[in-house]
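Colleague: I would like to test the words we use for this model. Take me through them one at a time.

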Amino acid sequence: MDLSKIKTLIDFVGRSNITELTVTEKDVTVRIFRTSPAEAGIAEPPQKPESTISLVSDAPSSVEKTSYAVKAPVFGVLHRAPAPGEPPFVAIGDAVEEGQTLFIIEAMKVFNTIAAPRSGRITHLTDIDNGDVETGDLLAEIA
């Protein structure tokens with residue numbers, strides 16, 4: 001299935017009331033789904049093989065401070081480092097800038113860069129590395 005067909009399917013799901021669509025063509029299966037904004041925040045669908053996606057929701061971590069939860073916008077394999085054997089993009093306690101790469105999620109051979117939605121300090125990181133994540137899984141928190 002070519003990229004233009006996948007983009008058309010993504011557009012179709014975005015414009016309709018459909019929450020999940022699975023299409024199989026020859027030996028390729030594409031699964032597209034969306035969650036309500038109340039459940040997962042706002043996600044941008046992948047537009048090209050190296051797209052940047054940010055999924056943010058407010059989640060108070062204490063009475064005085066608000067931290068931002070960075071959640072997985074798509075299902076796939078989470079990579080915390082740019083390549084095997086290299087150090088991870090971020091660690092707990094690191095200061096990050098808005099737009100800085102935090103993770104890569106590989107979904108259907110498309111590498112989606114997960115960027116920091118805002119500047120701050122990493123207060124929580126997932127333990128998953130080179131493993132599967134589902135849409136909405138908590139990946140990190142930024143205070």
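Modeller: Start with the second largest pocket of this predicted model. Its volume is about 170 Å³.

Colleague: Which residues line the second largest pocket closest to its centre?

Modeller: The lining has 13 residues, and the closest to the centre are His79, Ala81, Ala83, Asp129 and Asn130.

Colleague: How do you know how many residues of that lining are nonpolar, polar or charged?

Modeller: Each residue is sorted by its type: Ala counts as nonpolar, Asp as charged, and His and Asn as polar. Sorted that way, the lining has seven nonpolar, three polar and three charged residues.

Colleague: Now threonine 126. Why is threonine 126 called buried?

Modeller: Buried means under 20% relative accessible area. Threonine 126 has 8%, so the word applies. Its place is in the loop between strand S10 (120-125) and strand S11 (131-133).

Colleague: What does threonine 126 touch, leaving aside neighbours within four places in sequence?

Modeller: Threonine 126 is in contact with Leu78, Arg80, Leu138 and Leu139. A contact here needs heavy atoms within 4.5 Å.

Colleague: Why is tyrosine 68 called partly exposed?

Modeller: Its relative accessible area is 24%. Buried is under 20% and exposed is over 50%, so 24% falls in between. Tyrosine 68 is found in strand S5 (residues 66-71).

Colleague: How far is the C-alpha atom of tyrosine 68 from that of alanine 140?

Modeller: The two C-alpha atoms are separated by 8.3 Å, although the residues are 72 apart along the chain. Over the chain, take contacts between residues at least 6 apart in sequence: 52% of them join residues at least 24 apart.

Colleague: Let us turn to strands. What makes S1 and S2 a pair?

Modeller: A pair needs at least two bridges. Strand S1 (residues 20-25) and strand S2 (residues 28-33) have six, so they qualify. The pairing is antiparallel. Valine 23 stands opposite valine 30 in S2.

Colleague: What lies between S1 and S2 in their hairpin?

Modeller: Two residues lie between them. Lysine 26 in the turn has a positive phi of about 55°.

Colleague: Which strands pair with S8?

Modeller: Strand S6 (residues 76-79) pairs with S8 over three bridges, in the antiparallel sense. Valine 77 has glutamate 106 in S8 as its bridge partner. Strand S9 (residues 110-115) also runs antiparallel to S8, joined by six bridges. There, phenylalanine 103 stands opposite isoleucine 114 in S9. Both bridge counts reach the two that a pair needs, so both count as pairs.

Colleague: What is notable in the loop between S8 and S9? I mean the phi of methionine 108 and lysine 109.

Modeller: Methionine 108 has a positive phi of about 55° although it is not a glycine. Lysine 109 has a positive phi too, near 65°, and is likewise a residue other than glycine. S8 and S9 form a hairpin with two residues between them.

Colleague: Why is methionine 108 called partly exposed, and lysine 109 exposed?

Modeller: Methionine 108 has 42% relative accessibility, between the 20% and 50% limits, so it is partly exposed. Lysine 109 has 73%, which is over 50%, so it is exposed.

Colleague: How do you know that S8 is mostly covered?

Modeller: Five of its seven residues are buried. For the protein chain, buried residues make up 32% of the 143 residues.

Colleague: What makes a set of residues a nonpolar core?

Modeller: The members are buried nonpolar residues, joined through side-chain atoms within 4.5 Å. The largest core has 18 residues. Val96, Leu102, Phe103, Ile105, Ile122, Leu139 and Ile142 touch the most other members. Strand S8 (101-107), S10 and strand S12 (138-142) each supply at least two residues. S8 gives the most, with four. A second, separate core has seven residues, including Ile10, Leu21, Val30 and Ile32.

Colleague: Why might such cores be expected?

Modeller: In soluble globular proteins, nonpolar side chains tend to be buried together.

Colleague: Last one. How many helices and strands does the protein chain have?

Modeller: Two helices and twelve strands. From the N terminus on, the order is α-β-β-α-β-β-β-β-β-β-β-β-β-β.

How values were computed:
Residues numbered from 1 in each chain as written. Predicted model: local features only at pLDDT ≥ 70, side-chain atom pairs only at ≥ 80, totals over all residues. Heavy atoms only, no water. 1 Å grid on protein atoms, 1.4 Å probe; cavity = no way out; pocket = protein on both sides within 12 Å on 5 of 7 lines; lining within 4 Å. Points joined across faces, edges and corners; volume = space filled by probe spheres on them. Buried < 20%, exposed > 50% of the residue type's maximum accessible area, 1.4 Å probe, protein only.
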